[in-house]
Every structure is written in C-alpha cells, then in structure tokens.
Amino acid sequence: MRRAGGKGRHAALVRELDIPAPFDLDEFVAGLERQRHRPIRLSPFSSGPGVPCGLWIGTAEADYIYHEQGTTPYHQTHIALHELAHMLLDHRGATQVWEKLVNLLIPDVDPQLVQLILGRSMYSTEEERDAETLASLIHEQSGDRPQPLPPSGPQTGAFVKRLQQAWGDGE
C-alpha cells in the first residue's frame with residue numbers, strides 16, 4: 001500500500017480489509033497474508049523496560065509482528081494491530097539499532113536478510129499517529145471491546161504489579 005496522509009486514507013484502508021466479526025486476530029492476519037501474498041508471524045514476547053511493546057520485522061520471506069504478552073488480551077491485540085498498521089501504511093524506519101533484538105527474537109534469520117525492523121520508538125510522531133489511528137479504526141470496525149478492569153479487591157494488587165512489570169515501573 002502506498003504512503004499518503006489523511007484520515008480519509010485510513011478509512012479507505014479499513015474498507016479494503018477483511019475484518020472478521022467477531023474479531024479474531026489470527027483470522028484477520030490470515031486475510032492479510034492472502035492479500036499481501038506473504039506470511040505474517042505473530043509472536044508474543046516480554047518487552048521489559050526500555051524495549052518497545054510492539055515490533056514489526058520485515059524480512060525477504062515474511063513479516064514478524066511481536067507484541068507484549070504481559071498485558072490484557074485486548075491490549076495485546078491492539079499492539080499487534082498497531083504494528084500491522086505500520087506494515088499496511090508502508091512505514092520505514094532505522095534498522096541497525098535493532099540488530100541485537102532481532103538476534104534474540106528470531107535467531108534463525110540471518111541479520112543481513114532482515115529488510116525492515118520497526119518498533120514503536122523508531123517511527124516519527126506522524127507515523128505513530130497514523131498507525132495508532134489505523135489500528136484504532138480496525139479495532140473499532142471489528143466490534144472488539146476491552147474487558148472491564150477487575151473490581152478493586154485482593155486481585156487488584158497482582159494486576160497492578162503485572163502492569164508495572166510490563167511497563168518497567170515494577171521489579
């Protein structure tokens with residue numbers, strides 16, 4: 001897909017997509033694979049402090065989408081959609097900074113074969129807004145809704161601790 005600005009472009013992209021209802025990320029990705037004629041691999045990972053919660057790695061053979069696993073299922077899906085949006089919007093970013101992370105995530109891929117490595121911190125603010133807008137529109141169109149937060153009680157502390165660990169504010 002070609003680069004262009006504007007919210008109208010986001011709406012046009014959403015209309016071109018086969019968004020399953022009820023939403024299923026694996027089914028959505030399978031449709032993108034058919035449309036793009038190349039495999040897309042989804043992988044959860046634990047990002048930790050200073051590491052992006054989502055990452056798109058494009059190689060000559062496939063696209064790899066990594067998303068934080070230490071968060072709610074709805075948020076995991078949104079992170080994956082955000083990275084898929086960067087892919088759909090054909091965003092480009094720096095690559096050398098991410099070589100070590102690539103070696104950790106996909107050690108069986110020769111680093112010289114990696115054509116594109118993009119994490120949330122590698123995009124311009126405009127690209128981030130574009131990807132977030134498209135991801136939000138896809139999520140909205142799908143009808144997928146977040147589960148309510150757990151009520152305050154004994155499990156709340158454990159939930160907050162998991163969030164803190166995922167976002168680098170915990171131990």
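How many helices and strands are there in the protein? There are six helices and four strands, and you're looking at them in a predicted model. Reading along the sequence, you'll meet them in the pattern α-α-β-β-β-α-α-β-α-α. Here's a quick tour of the whole chain, three of its helices and a couple of single residues.

**The whole chain**

- The protein has 171 residues, and 42% of them count as buried.
- Take the contacts with a separation of 6 or more: residues 24 or more positions apart account for 65% of those.

**Helix H2**

- H2 runs over residues 25-36. Its twelve residues should span 16 Å at 1.5 Å a residue, and that agrees with its end C-alpha atoms, which are 16 Å apart.
- Leu25, Phe28, Val29, Gly31 and Leu32 are the buried residues here. Look down the axis of H2 and they fall within an arc of 155 degrees, so they line one face of the helix.
- As a general point, an α-helix has 3.6 residues a turn, so residues three or four places apart point the same way.
- Flip to the other side of H2 and you'll find Asp26 and Arg34, both exposed.
- What covers the buried residues of H2? The cover includes strand S1 (40-45), H3 and H5.

**Val29, a residue to zoom in on**

- Val29 sits in helix H2. With a relative accessibility of 4%, Val29 counts as buried, because the cut-off for that is under 20%.
- Leaving aside residues up to four places away in sequence, Val29 touches Ile40, Leu42 and Leu84.
- Ile19 is ten residues from Val29 along the chain, and the C-alpha atoms of the two are separated by 9.4 Å.

**H2 against H3**

- Helix H3 covers residues 73-88, and its axis comes within 12 Å of the axis of H2. The two axes cross at roughly 10 degrees.
- That angle makes H2 roughly parallel to H3, since anything under 35 degrees counts that way.
- On the H2 side, the contact is made by Leu25, Phe28, Val29, Leu32 and Arg36. H3 brings Thr77, Ala80, Leu81, Leu84, Met87 and Leu88.
- Sort the residues of this contact by type and you get nine nonpolar, one polar and one charged.

**Helix H5**

- H5 takes up residues 125-142, which makes 18 residues. At 1.5 Å a residue these should span 26 Å, and the end C-alpha atoms are indeed 26 Å apart.
- Which residues of H5 are buried? They are Glu127, Glu128, Asp130, Ala131, Leu134, Ala135, Ile138, His139 and Ser142.
- Seen down the axis of H5, the buried residues keep within an arc of 165 degrees, so they line one face of the helix.
- Thr125, Glu140 and Gln141 are exposed on the other side of H5.
- Right after H5 comes Gly143, which has a positive phi, near 80 degrees.

**His67, over in a strand**

- You'll find His67 in strand S3, which spans residues 63-68.
- Is His67 buried or exposed? His67 counts as buried, because its relative accessibility is 7% and the cut-off is under 20%.
- Not counting residues up to four places away in sequence, His67 touches Ser43, Pro44, Phe45, Cys53, Gly54, Gln76, Ile79 and Ala80.
- Ala80 is a name you've already met: it's one of the H3 residues that make the contact with H2.

Note on methods. Residues are numbered from 1 along each chain as its sequence is written. This is a predicted model: local features need pLDDT of at least 70, side-chain atom pairs count only at pLDDT 80 or more; totals for chains, interfaces and linings use all residues. Side-chain values use heavy atoms; hydrogens and water are left out. Helices (H or I, at least four residues) and strands (E, at least two) are DSSP runs, numbered from the N terminus. The expected span of a helix is 1.5 Å times one less than its number of residues. Buried means under 20% relative accessible area, exposed over 50%, partly exposed in between (1.4 Å probe, protein chains only). The arc is that of the directions from the helix axis to the C-beta atoms. Axes are lines fitted to C-alpha atoms, for helices over the stretch in contact, and angles run from 0 to 180 degrees between N-to-C directions. Angles under 35 degrees count as roughly parallel, over 145 as roughly antiparallel, 65 to 115 as roughly perpendicular and the rest as oblique. Contact means heavy atoms within 4.5 Å. Ala, Val, Leu, Ile, Met, Phe, Trp, Tyr, Cys and Pro count as nonpolar, Asp, Glu, Lys and Arg as charged, and the others, Gly among them, as polar.
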